[in-house]
Amino acid sequence: MTMISEPDAPAIELGHREAAPGKPSRARLIGVLAVGAALVTFVNVTAAVYLCRGVNDLKTMEARLEQLGQFEQRISARIDTVNNGFQSRFETLDRQLQANFGQINGNIAKLEQGQPVAAREPAPGAPEPALLDNTTVADASAADESGGDAADARLSFKRKVAPPGPNPAYQRIQQPDGKVYYKKIN
């Protein structure tokens, strides 16, 4: 093989390749892909963290909503209890008013007949205890059972107020934990 050499021409090294114009090198391509993959990984990790936080917040909200339902049931039961007390009180007042109206009508009838009407005690009805803060049912029933004079009974009522009696339109339900609920019977 014949070699032609030109002394002015530069020598070519066979171990080093030149990059073609317009084609990026492989090292640069691998670097760009690695940076892109790292960026996608960072975005995915950030999204996963926010997703976990969102799931935990959702679980917390579900638990609070469940507690809200229980709270609503307790409030409803207490409103029914208060309603039961008011209904009992209104029924008692209605009976007393009917008795008073009957007495007034009887007095008017006597006056129309010309008979004198003597001043009497108020119409019979349920006695109204004094409304103070400290009465219990036990104190009131002890005062009623003792059969003592009325002054002693009044003193016990001045300490505490007895709650109204049960209304037959409601059913009393006692939970194992000691809570008492009243359910309206339709």
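## A tour from the long helix to the hairpin

Read along the sequence, the chain follows the pattern α-α-α-β-β, and those letters stand for three helices and two strands. You are looking at a predicted model, so welcome, and let's start with the whole chain.

**The whole chain.** Colour by accessibility before selecting anything. Of the 186 residues, 9% are buried. The chain exposes about 16,300 Å², and carbon and sulfur atoms supply 60% of that area. If you prefer a contact map, keep pairs with a separation of 6 or more: residues 24 or more positions apart account for 54% of those contacts.

**Select residues 26–113.** This is helix α1, with 88 residues. Put a distance label between its first and last C-alpha and you should read 127 Å, close to the 130 Å expected at 1.5 Å a residue.

**Stay on α1 and show side chains.** Pick A77, N84, G85, S88, T92, Q96 and N107, the buried residues of this helix. What do the buried residues of α1 pack against? Add 170–174 and 180–184 to your selection: they pack against β1 and β2, the strands in those two ranges.

**Step to G114.** This glycine follows α1, and its phi is positive, near 90°.

**Now zoom in on β1 and β2.** The two strands run antiparallel and are joined by five bridges. For one pairing, click R172 and then look across to β2, where its bridge partner is Y182.

**Last stop, the turn of the hairpin.** Five residues lie between the strands β1 and β2. Select G178 in this hairpin and check its backbone: phi is positive here, near 100°.

Methods:
Residues are numbered from 1 along each chain as its sequence is written. This is a predicted model: local features need pLDDT of at least 70, side-chain atom pairs count only at pLDDT 80 or more; totals for chains, interfaces and linings use all residues. Side-chain values use heavy atoms; hydrogens and water are left out. Helices (H or I, at least four residues) and strands (E, at least two) are DSSP runs, numbered from the N terminus. The expected span of a helix is 1.5 Å times one less than its number of residues. Buried means under 20% relative accessible area, exposed over 50%, partly exposed in between (1.4 Å probe, protein chains only). Contact means heavy atoms within 4.5 Å. Two strands pair if DSSP finds at least two bridges between them. Accessible areas come from the Shrake-Rupley method with a 1.4 Å probe; for residues, only the protein chains shown count as cover.
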